[in-house]
Amino acid sequence: MQPCSSPGERCLRIDLDGVPRWGRRHGDEIVLEDGTRVAEADATYLAPVQPSKILAVHLTYRSRVEEYAARIPTEPSYFVKPPTTLNGHRGLLRRPRGARFLNYEGELAVVIGRRMKGVSMDDALAYVGGYACANDVGLHDFRHADRGAMLRVKGQDGFLPIGPELVPASEFDPTDYTLRTFLNGEVVQEATAADLLFPVAYQLADLCRLITLEPGDVVLTGTPANSRPMEPGDVVEVEISGLGRLVNTVVEWDVDLSGPGEQLEVSASTLHVALAIPEDEAERMVAEGRTP
């Protein structure tokens, strides 16, 4: 799968009458491949990617490591998000009824342009097709359940908005950018590429030693400090210099999640990760029933 219908140009995907369509922004309109024009304000955005897999890194921003009072990792570690997590610009983020810790994580998404396997760090960026803003949303009420896999925390449908468009690699420098996350208009996360412990090229070269990265695959490159819970009605925006601004709204999801499997729970791990409460204090709070 190619990362874009027109490599070398900014591109986006929208849903038009139930059919995904590639296009590009032209003023207040979106022009599709066949010349059809759609008012941008009326467009239903899809994520501008079609990956075979989505790989994401754990701690990689120095500010986040310091916030957790954690030891700086010697090497990055990763987890997988299903393609069904994909969501688009202006899409809805659903918080299940009874859940409380649905966190934002503003991130840089890297989209592979050419098959990568065993590519060196020096050459890695030449295999990138494009970049986009992303929000690696997590529901930490399931933090106790995944034992590091992150499947239920971050693998739920719609938990990965990407967009609004895919920017060609030639127009973006992953070693020089500023990332900001806004919640209801207020800046809640801010960092630059200089805060990365493991640069984008390092992450790609590391992953493709063992896993073939196919065109269209997505690599999420981590989030800085101050990921915090969102509430229904909140508007969350991820802005990266040169890539635009990704906007999503949180809504309540009226669903009954009781049944087989782990249930929602406020654990010490929930408080530590979702609120950056030190681990010892989080364990005491849970043991004493003092959860917020």
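**Figure 1. Lining of the largest pocket.** Helix H5 gives the most to the lining of the largest pocket, with 3 residues. The structure shown here and in the following views is a predicted model. The space in the largest pocket amounts to about 360 Å³. The pocket is lined by 22 residues, of which His-58, Tyr-68, Arg-143, Met-150 and Val-273 are the closest to its centre. Helix H3 (151-154) and helix H5 each contribute at least two residues to this lining. By residue class, the lining comprises 8 nonpolar, 7 polar and 7 charged residues.

**Figure 2. Ala-276, in the loop between helices H5 and H6.** The loop that holds Ala-276 runs between helix H5 (268-275) and helix H6 (279-287). The phi angle of Ala-276 is near 60°, a positive value in a residue other than glycine. Most residues other than glycine have a negative phi. With a relative accessible area of 16%, Ala-276 is buried, because the cut-off for that class is under 20%.

**Figure 3. Ala-69, a second view of a positive phi in a residue other than glycine.** Ala-69 has a phi near 55°. Its place is the loop between helix H1 (62-67) and strand E7 (78-81). Is Ala-69 buried or exposed? Its relative accessibility is 71%, so Ala-69 counts as exposed, the cut-off for that class being over 50%.

**Figure 4. The cis peptide bond between Gly-163 and Pro-164.** The bond from Gly-163 to Pro-164 has an omega near 5° and is cis. Most peptide bonds are trans. Pro-164 belongs to strand E14, which covers residues 160-168.

**Figure 5. Surroundings of the buried residue Thr-221.** Thr-221 is located in the loop between strand E17 (218-220) and strand E18 (229-230). Its relative accessibility is 0%, and Thr-221 therefore counts as buried. The side chain of Thr-221 reaches the backbone oxygen of Leu-108 at a distance of 2.8 Å. When neighbours within four places in sequence are left aside, the residues in contact with Thr-221 include Val-57, Thr-60, Tyr-61, Glu-107 and Leu-108. Val-110, Leu-196, Val-200 and Gln-203 are also among these contacts.

**Figure 6. The annotated region, residues 53-251.** UniProt lists residues 53-251 under "domain: Fumarylacetoacetase-like C-terminal", in an unreviewed entry. Over this region the chain is 11% helix and 38% strand. The C-alpha atoms at the two ends of residues 53-251 are 27 Å apart.

Notes
Residues numbered from 1 in each chain as written. Predicted model: local features only at pLDDT ≥ 70, side-chain atom pairs only at ≥ 80, totals over all residues. Heavy atoms only, no water. Helix = DSSP H or I, 4+ residues; strand = E, 2+ residues; numbered from the N terminus. Buried < 20%, exposed > 50% of the residue type's maximum accessible area, 1.4 Å probe, protein only. UniProt positions renumbered as here; feature names shortened; annotations may be inferred. Polar contact = N/O pair within 3.5 Å; in protein donor to acceptor, adjacent residues only side chain to side chain. Contact = heavy atoms within 4.5 Å. 1 Å grid on protein atoms, 1.4 Å probe; cavity = no way out; pocket = protein on both sides within 12 Å on 5 of 7 lines; lining within 4 Å. Points joined across faces, edges and corners; volume = space filled by probe spheres on them. Nonpolar A, V, L, I, M, F, W, Y, C, P; charged D, E, K, R; others polar.
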